[in-house]
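Reader: I would like a close look at a single part of this model, with its surroundings described afterwards. Please keep the account plain.

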Amino acid sequence: MLSPESLKKIDREIAKYPSGQKQSAVMAALRIAQDEKGWLAPETIEFIAGYLGMPPIAAQEVATFYNMYNLQPVGKYKITVCTNLPCTLMGAESAVEHLQRKLGIGFGETTPDGKFTLREGECMGACGDGPVATVNNVRLCARLTPEEADRILAGLE
């Protein structure tokens, strides 16, 4: 199901917790699996649960609670824009409208070429720099204006 390299990474995460607490590594294990597979299919989540010795529903609960996990295929670049109140008050709506127009997709959709997926996100903890977005859950983009969105997209092409 997962490569030996990914299993070694998961084992390193497991080692960070007390003996008998393998399930504590579930978030990291899901991230590692997603990094390898691109998204978390039900059978991948079930595999992770088995590997960690926990019920599959418990791993599924984690995967569905956090929006950083992809439960369906996504584009090469997943752009998640915070639309909570502070970011909205700082102009998220115009940045979102610009991205939707430029990419030709709405939230939860992927461009036909499979390059970009646009998602709506919850607070990312950077309200003072709003509006904010992330690219592939790892790159935080602050003060997102339509012009900044163009610059980000150009850097991803």
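My request concerns the pairing of S2 with S3: which residue in S3 is the bridge partner of Glu-109?

Author: The bridge partner of Glu-109 is Leu-118 in S3. The model is a predicted one. Strands S2 and S3 pair in the antiparallel sense, over 2 bridges. The hairpin of S2 and S3 has 5 residues between the strands, and in this hairpin Gly-114 takes a positive phi near 75 degrees.

The pairing belongs to an open sheet of 5 strands, in the order S2-S3-S1-S4-S5, with mixed pairing. Strand S2 (109-110) and strand S5 (139-141) stand at the edges with a single partner strand each, so one side of each has no neighbour in the sheet. On its other side in the order, S3 is followed by S1. S1 and S3 run parallel and are joined by 6 bridges. Lys-78 stands opposite Thr-117 in S3. At the far end of the order, strand S4 (residues 133-135) pairs with S5 in the antiparallel sense over 3 bridges. There, Thr-134 has Leu-140 in S5 as its bridge partner. As a general point, the side chains of a regular strand alternate between the two faces of the sheet.

Two helices lie against these strands. Helix H6 (residues 92-103) lies across strand S1 (77-82) and strand S3 (116-121), and runs at about 155 degrees to S1. Helix H7 (residues 146-156) also packs on the sheet, where S1, S3, S4 and S5 are touched by this helix. The direction of H7 makes about 150 degrees with that of S5. S3 is thus touched by H7, lies under the path of H6 across the strands, and pairs with S2.

The earlier part of the chain offers helix-to-helix packing. Two packed helices are described by the angle between their axes and the distance between the axes. Helix H1 (residues 4-14) and helix H2 (residues 26-37) pack at about 165 degrees, with their axes 9 Å apart. That angle makes H1 roughly antiparallel to H2. The crossing of H1 past H2 is right-handed. H1 contributes Ser-6, Lys-9, Ile-10 and Glu-13 to the contact, and H2 contributes Ala-28, Ala-29, Arg-31, Ile-32 and Glu-36. By class, these are 4 nonpolar, 1 polar and 4 charged residues.

H2 also packs with helix H4 (residues 56-65), at an angle of about 70 degrees and with the axes 10 Å apart. H2 and H4 are therefore roughly perpendicular to each other. Here Val-26, Met-27 and Leu-30 of H2 meet Ala-59, Val-62 and Ala-63 of H4. This contact of H2 with H4 has 6 nonpolar residues, no polar and no charged.

Two single residues complete the account of the helices. Asp-11 is placed in helix H1 and is partly exposed, with a relative accessible area of 36%. Its C-alpha atom is separated by 17 Å from that of Glu-46, a residue 35 residues apart from Asp-11 along the chain. Thr-44 is found in helix H3 (residues 42-52), and is buried, with a relative accessible area of 4%. Leaving aside residues up to four places away in sequence, Thr-44 touches Met-1, Ala-33 and Lys-37.

Methods
Residues numbered from 1 in each chain as written. Predicted model: local features only at pLDDT ≥ 70, side-chain atom pairs only at ≥ 80, totals over all residues. Heavy atoms only, no water. Axes fitted to C-alpha atoms, helices over the stretch in contact; angles between N-to-C directions. Helix = DSSP H or I, 4+ residues; strand = E, 2+ residues; numbered from the N terminus. Parallel < 35°, antiparallel > 145°, perpendicular 65-115°, else oblique. Left-handed = near helix turned anticlockwise from the far one by under 90°. Contact = heavy atoms within 4.5 Å. Nonpolar A, V, L, I, M, F, W, Y, C, P; charged D, E, K, R; others polar. Pairing = 2+ DSSP bridges. Buried < 20%, exposed > 50% of the residue type's maximum accessible area, 1.4 Å probe, protein only.
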